[in-house]
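Biologist: I'd like a close look at one part of this model: its helix packing. How do the helices lie against one another? Please go slowly with the terms.

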Amino acid sequence: MSIFKILKNYFQFLKIPYENKEFVFYSESKFYRNFFISLINHLTLKKNKQIIFLTSDEDDQLFFKNNKSIKVIYIGKGLIRSFVFINLRCKFMIMTLTDLDNHLKKSKYCKKYIYFFHSPASTHLVYTKEAFKNYDIVLCNGNYHIEELKKTEIKNNYKSKELVKSGYLYFDYLMGEAKHKSSNKNTILFAPSWNYNSKNLFDDYGFKIIDLLLKNDLKVILRPHPEHFKRSKNIINKIKSSFLGDKNFYFDSFYSNLQSMEKSQILITDNSLIAMEFTLVFQRQAIYINYSNKVHNKHYKDLEMITVDEIFRKKFGYTVDAHRIEKISEYCKNIKMYSNLSHDEILNFRQKYFYNFGKASDFIANYLIDKSENMTND
């Protein structure tokens, strides 16, 4: 039945006239939904046209069903999705999918492919070497992205892309929706990163960290990365069976991380960039556990550039080595003593490293509309 549903949706998409396929978005799953919302809302208000939203997650159809400005087309994750991508006819394809044309093929009928980031991370460490190679336009979070991508193009002889000084869209969503005074006392958000490496914090120490925190009367919210549900099923099942009965434990699998960040006083991670979002928006302390670096580009040193991830971590993070995990509860309870946060320094960091902080959606909507009109005139 799912295949028939996908085919039906695809035929609906084919019936949409080309002139109504000016801005087509694609989302891999519901976990990326909130990265799109603010930009789509700004576009529909300014352009007064329907947005096409292709998705591989059926939940998106229910979520957007009452919004007449968004036409949601569910295309699944299999062969039909590949067929849709290869034969796509549109003006702008906008998405947060890396390694375009390496996994999902580009269409010769789509005029411009546009990438925007679903993380504030630098481009050359946690992303693969060719992650952005085949895009025409990249919406950059800050000047660090522009410098990294330009240097990558030169070193690897990649085609030159248009690099737009846009800002990070998810900051718009967080700044607009967050309740900054709703944190609960002694509540810890544990949000480990995912890693291609089999040696990773969540698999090796995730259970122990949660157990230690709960035994020391701390409340724990576990928010696995979406990839953990595919790569770490055994440890997730072990954690659920052991702790779901504990009133101080909450397992967060909701598509948005907003509520968990709102409720938490402290965040614990290893490499996740949620730490940057947590500190720069909520101005609360993140604790990093040193264990295994997240390196998805083995050539990252070729760029000879320090990542913004590391700059942030050194300036605002509190770091604990893995062999000192036994004391993690002590660090959490005494975090005010260890905290390295300064309101003014947080504001300065936002301004220095990110374009249009909290206002990226409006900037990008105006850019896309102008770009589209200029292409039409040409």
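**Helix against helix**

Modeller: Helix 1 and helix 4 are roughly parallel to each other (an angle under 35 degrees; over 145 is roughly antiparallel, 65 to 115 roughly perpendicular, and the rest oblique). A word on the source: this is a predicted model, so local features need pLDDT of at least 70, side-chain atom pairs count only at pLDDT 80 or more, and totals for chains, interfaces and linings use all residues. Residues are numbered from 1 along each chain as its sequence is written, and side-chain values use heavy atoms, with hydrogens and water left out.

Now back to that first pair. Helix 1 covers residues 2-15, and helix 4 covers residues 79-86. (Helices are DSSP runs of H or I with at least four residues; strands are runs of E with at least two; both are numbered from the N terminus.) The two axes come within 10 Å and cross at roughly 15°. (Axes are lines fitted to C-alpha atoms, for helices over the stretch in contact, and angles run from 0 to 180 degrees between N-to-C directions.) The crossing of helix 1 with helix 4 is right-handed. (Right-handed means the near helix is turned clockwise from the far one by less than a right angle; left-handed means anticlockwise.)

Who touches whom? From helix 1 come Ile3, Ile6, Leu7 and Tyr10; from helix 4 come Ile80, Phe83 and Val84. (Contact means heavy atoms within 4.5 Å.) By class, this contact has 7 nonpolar, no polar and no charged residues. (Nonpolar: Ala, Val, Leu, Ile, Met, Phe, Trp, Tyr, Cys and Pro; charged: Asp, Glu, Lys and Arg; polar: the others, Gly among them.) One general point helps in reading such lists. An α-helix has 3.6 residues a turn, so residues three or four places apart point the same way.

Next comes helix 11, residues 274-282. In helix 11, 9 of the 9 residues are buried, so the helix is largely enclosed by the rest of the structure. (Buried is under 20% relative accessible area, exposed over 50%, partly exposed in between, with a 1.4 Å probe and protein chains only.) The buried residues are Ile274, Ala275, Met276, Glu277, Phe278, Thr279, Leu280, Val281 and Phe282. Right after helix 11 sits Gln283, with a positive phi near 55°.

One partner of helix 11 is helix 6, residues 169-177. Their axes come within 11 Å and cross at roughly 45°. That angle makes helix 6 oblique to helix 11. The crossing is right-handed. Helix 6 brings Tyr170, Phe171, Leu174 and Met175 to the contact, while helix 11 brings Glu277, Leu280 and Val281. Sorted by class, helix 6 and helix 11 meet through 6 nonpolar, no polar and 1 charged residues.

Another partner of helix 11 is helix 15, residues 343-353. Here the axes are 9 Å apart, and the angle is about 120°. Helix 11 and helix 15 are therefore oblique to each other. Their crossing is left-handed. Thr279, Leu280 and Val281 of helix 11 meet Ile346, Phe349 and Arg350 of helix 15. This contact of helix 11 with helix 15 holds 4 nonpolar, 1 polar and 1 charged residues. Leu280 and Val281 of helix 11 thus appear in its contacts with helix 6 and with helix 15.

Follow the chain past helix 15. Asn356 lies in the loop between helix 15 and helix 16 (360-377). Asn356 is not a glycine, yet its phi is positive, about 50°. Its relative accessibility is 30%, which counts as partly exposed. Compare Asp99, in the loop between strand 4 (90-95) and strand 5 (110-116). Asp99 also has a positive phi, about 60°, without being a glycine. Asp99 is buried, at 11% relative accessible area.

Not every helix residue is buried. Glu147 belongs to helix 5 (residues 143-156). Its relative accessible area is 43%, so Glu147 is partly exposed.

Last, step back to the whole protein. There are 16 helices and 13 strands. The radius of gyration (taken over C-alpha atoms) is 21 Å, close to the 21 Å that the globule rule (2.2 Å times the number of residues to the power 0.38) gives for 378 residues, so the protein is as compact as a globular protein of that length. The C-alpha trace spans about 60 × 50 × 40 Å along its principal axes. Of the 378 residues, 55% count as buried. Among contacts with a separation of 6 or more, 72% join residues 24 or more positions apart.
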